[in-house]
Amino acid sequence: MEKKANQCFQCGETEESLLNNMFGYTICDPCKTKLGLFQDKTIKKYVSLFDKSKEADPDHLSYEGEVDFRLAYLEKDYIKKKIKLLHIKERLKYI
Ligand SMILES: [Zn+2]
């Protein structure tokens, strides 16, 4: 896939009217639909569930805390996997 200045990171769509910028990533409408983004009512439901758990156990994370934890885990996991793949590429030059 040729890398253009503004294209969907997933499928490469370049039609401007279909493109969205989400948190610095360019994504087209069809790919955005497939993400399964939560509606506000779903997010509120989880906030409420986590708040109830926190009432029973003060050490329990809030929903926002849980999301922050998952984001940090995801970032570390991404970096670990990227290092592993880059290491393979580097070794392929010498073996
Ligand atoms: Zn797309």
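Let us start at arginine 70, which is exposed because 10 other C-beta atoms lie within 10 Å. On this scale a residue is buried if 20 or more other C-beta atoms lie within 10 Å of its own, exposed if 12 or fewer, and partly exposed in between, with C-beta atoms placed from the backbone. Before going further, please keep in mind that this is a predicted model: local features need pLDDT of at least 70, side-chain atom pairs count only at pLDDT 80 or more, and totals for chains, interfaces and linings use all residues. Residues are numbered from 1 along each chain as its sequence is written.

Arginine 70 sits in helix α3, which covers residues 63-92. Helices here are DSSP runs of H or I with at least four residues, strands are runs of E with at least two, and both are numbered from the N terminus. From first C-alpha to last, the 30 residues of α3 reach 43 Å, close to the 44 Å expected at 1.5 Å a residue. That expected span is 1.5 Å times one less than the number of residues in the helix. Helix α3 is hardly covered, with a count of zero buried residues among its 30.

Helix α2 can be read in the same terms. It takes in residues 40-56, and its 17 residues reach 25 Å between the first and last C-alpha, close to the expected 24 Å. The count of buried residues in α2 is zero, so to speak of a cover here would be wrong: the helix is hardly covered.

Now for the strands. β1 and β2 run antiparallel and are joined by four bridges; two strands pair if DSSP finds at least two bridges between them. Leucine 19 stands opposite cysteine 28 in β2, and methionine 22 stands opposite tyrosine 25, also in β2. The two strands form a hairpin with two residues between them.

Phenylalanine 23 lies in that loop, between β1 (19-22) and β2 (25-28). Its phi is positive, about 55 degrees, although phenylalanine 23 is not a glycine. Most residues other than glycine have a negative phi. Phenylalanine 23 counts as exposed because it has 5 C-beta neighbours inside 10 Å.

Cysteine 28 is a handy reference point for distances. Glutamate 15, found in the segment before β1, is 13 residues from cysteine 28 in sequence and 8.4 Å from it in space, C-alpha to C-alpha. Glutamate 15 is exposed because 10 other C-beta atoms lie within 10 Å. Arginine 70 is 42 residues from cysteine 28 along the chain, and their C-alpha atoms are separated by 25 Å.

Stepping back, the protein has three helices and two strands, in the order β-β-α-α-α along the sequence. Its C-alpha atoms fill a box of roughly 55 × 45 × 15 Å, taken along the principal axes. The radius of gyration is 19 Å, whereas a compact globule of 95 residues would have one near 12 Å; the value is taken over C-alpha atoms, and the globule rule is 2.2 Å times the number of residues to the power 0.38. Buried residues make up 3% of the 95 residues. Among contacts between residues at least 6 apart in sequence, 0% join residues at least 24 apart, where a contact requires C-beta atoms, placed from the backbone, to lie within 7 Å.

Terms used:
Contact = placed C-beta atoms within 7 Å.
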